[in-house]
Amino acid sequence: MFSVRIERLTSSLIRELLALTQQPDVISFAGGLPAREAMPPLDLRELPASLSQYGTTDGEPELRETIARQLTGIGLRVPPERVLITSGSQQGLDLVTKLFIDPDTPVAVEAPSYLAALQAFRFFGARMLELPLTPQGIDPQQLRELIRRERPAFVYLIPTFQNPSGVCYAESHRAGVAEVLRETGVALLEDEPYRELMYEAVDRTPLSGRLGGAPWMYMGSFSKTGIPGLRIGFIAASDDIHPHLVRIKQCTDLHTNRIGQWWCNRFLLDGDYLAHLDRLRAFYREKRDAMQAGLERHLGELATWSQPHGGLFFWVRLRQEVDERALLERALARKVAFMPGGAFYAHPPAFQGQMRLNFSLSTPEQIDRGLRMLGEVIRAYHAEAEARRSWPVAHVR
Ligand SMILES: Cc1ncc(COP(=O)(O)O)c(C=O)c1O
């Protein structure tokens, strides 16, 4: 009855387990939502009545101009005509998927990567090729070899405060990856919803601005700095790609909501915008610091991690392997939740025992309490596993 691709939409046990985190007394490090109290006010009093009418597929000209100016300011020179406003950057992922992916199309992704992007690519049948992420980014040489071997349709990267790992690519890796893409002419899809959530100054120059004539797509979002419920994001692209994205969007939703676009442009041009970003960074930095301190206190001897310089997540690797689902069940029984790391891979990794921990929704006190419980759950798990391993020997004696 349905299309063949519907069979690729699998429901996940993890998702069902995580539904339990909606209970009010759970300390959840599992989600990735921005904090409601950090969002700017939704003031629509001066909304022009003319916005009740249909709008253009490309988006409101004023917002496209503001975004093009900002992009040019960060090193990505692009005219407003090549900025397409989307319903969140998630729609950009959908449009790119429809433009590039047929069953078995090779696509290069970071390992780990953004779950909903992997789902979108998988839905259309992509053959995903993983590039291991290091604390400096993917290795340019590995990318070169993968391109030589497989010639992917595009390379999907989240170079700045990556979801889920928190990694921000080092300048050496930004330059190296850009050089490989320039040489090979393979398209880049760069996804940067977290770039403004920066807690220490680090290099964030977009790769898309360094590609010479190679094709590129650069996605941004106002979900983390503005109001995610308005669903406003954008995708800027090289001139060989942009017109196709516009035509696909025409088939998808005609255009993004005009009210959100109007609000967003005012938000970006408001004299308070930069001060708002500073407040936002201070607000999340305090939570990030609380999570770093809590991890040191409660998981110090159990796990390794790197403190992220931005974004909303810690990526934690346990020293000993666990069954991630079993561990999550035990954590939920203690009313603390995390996101199992295996979910963020296109292909399940050999090692099980990674977690993504989000810090944006909990208070520093909840972060400390939740991590203390998590430490206890992990210790109990290891102790039981150890007892099981030694049981046969004890029994023989
Ligand atoms: C890496 C990444 N890309 C895209 C998105 C989608 O964001 P939105 O559609 O709200 O702009 C998210 C949301 O969390 C994300 O983490």
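Between which two elements does the loop that holds Pro-164 lie? Pro-164 is placed in the loop between β6 (154-157) and α6 (171-184), as described again in the legend on cis peptide bonds.

The structure is a predicted model, in which local features require pLDDT of at least 70 and side-chain atom pairs count only at pLDDT 80 or more, while totals for chains, interfaces and linings use all residues. Residues are numbered from 1 along each chain as its sequence is written, and side-chain values use heavy atoms, with hydrogens and water left out.

**Figure 1. Overall view of the protein chain, with 11 helices and 14 strands.** Helices (H or I, at least four residues) and strands (E, at least two) are DSSP runs numbered from the N terminus. The C-alpha trace spans about 80 × 50 × 50 Å along its principal axes. The radius of gyration, taken over C-alpha atoms, is compared with a globule rule of 2.2 Å times the number of residues to the power 0.38. For 397 residues a compact globule would have a value near 21 Å, and the 22 Å of the protein chain agrees with this.

**Figure 2. Burial, contacts and charge in the protein chain.** Of the 397 residues, 53% are buried, where buried means under 20% relative accessible area, exposed over 50%, and partly exposed in between (1.4 Å probe, protein chains only). The accessible surface amounts to about 17700 Å², and carbon and sulfur atoms contribute 54% of this surface. Accessible areas come from the Shrake-Rupley method with a 1.4 Å probe; for residues, only the protein chains shown count as cover. A contact means heavy atoms within 4.5 Å. Among contacts with a separation of 6 or more, 75% join residues 24 or more positions apart. The mean positions of the 46 positive and 47 negative charges lie 2 Å apart. Lys and Arg count as positive and Asp and Glu as negative, without His and the chain ends; each charge is placed at NZ of Lys, CZ of Arg, CG of Asp or CD of Glu.

**Figure 3. Close-up of helix α2 (residues 61-73) and its cover.** The expected span of a helix is 1.5 Å times one less than its number of residues. The 13 residues of α2 should therefore span 18 Å, and the end C-alpha atoms are indeed 18 Å apart. Buried in α2 are Leu-63, Arg-64, Thr-66, Ile-67, Ala-68 and Leu-71. The cover over these residues includes β2 (83-86), β8 (216-221), β9 (233-237) and α8 (258-269). Gly-75, which follows α2, has a positive phi, near 100°.

**Figure 4. Close-up of helix α8, largely enclosed by the rest of the structure.** From its first C-alpha to its last, this helix of 12 residues reaches 17 Å, close to the expected 16 Å. Nine of the 12 residues are buried, so α8 is largely enclosed. The buried residues include two tryptophans, Trp-262 and Trp-263, together with Arg-258, Gln-261 and Phe-267. Elements that cover the buried residues of α8 include α2, β2 and α9 (273-299).

**Figure 5. Two cis peptide bonds that precede proline.** The bond from Ala-111 to Pro-112 is cis, with omega near 5°. Pro-112 belongs to the loop between β3 (106-111) and α4 (115-123). A cis bond also joins Asn-163 and Pro-164, where omega is about 15°. The loop that contains Pro-164 connects β6 and α6.

**Figure 6. Leu-254 and Lys-335, two non-glycine residues with positive phi.** The phi of Leu-254 is about 65°, and this residue lies in the loop between α7 (242-253) and α8. Leu-254 is partly exposed, with a relative accessible area of 45%. For Lys-335, phi is likewise about 65°. Lys-335 occupies the loop between α10 (324-333) and β12 (336-337) and, at 30% relative accessibility, counts as partly exposed.

**Figure 7. Surroundings of Tyr-273 in helix α9.** At 8% relative accessibility, Tyr-273 counts as buried. Residues up to four places away in sequence aside, Tyr-273 touches Gln-70, Glu-196, Phe-267 and Leu-268. Tyr-345 lies 72 residues from Tyr-273 along the chain, and the C-alpha atoms of the two are separated by 36 Å.

**Figure 8. Pro-79 in the loop between α2 and β2.** Pro-79 is partly exposed, with a relative accessible area of 29%. Pro-79 and Ala-178 are 99 residues apart in sequence, with a C-alpha to C-alpha distance of 21 Å.
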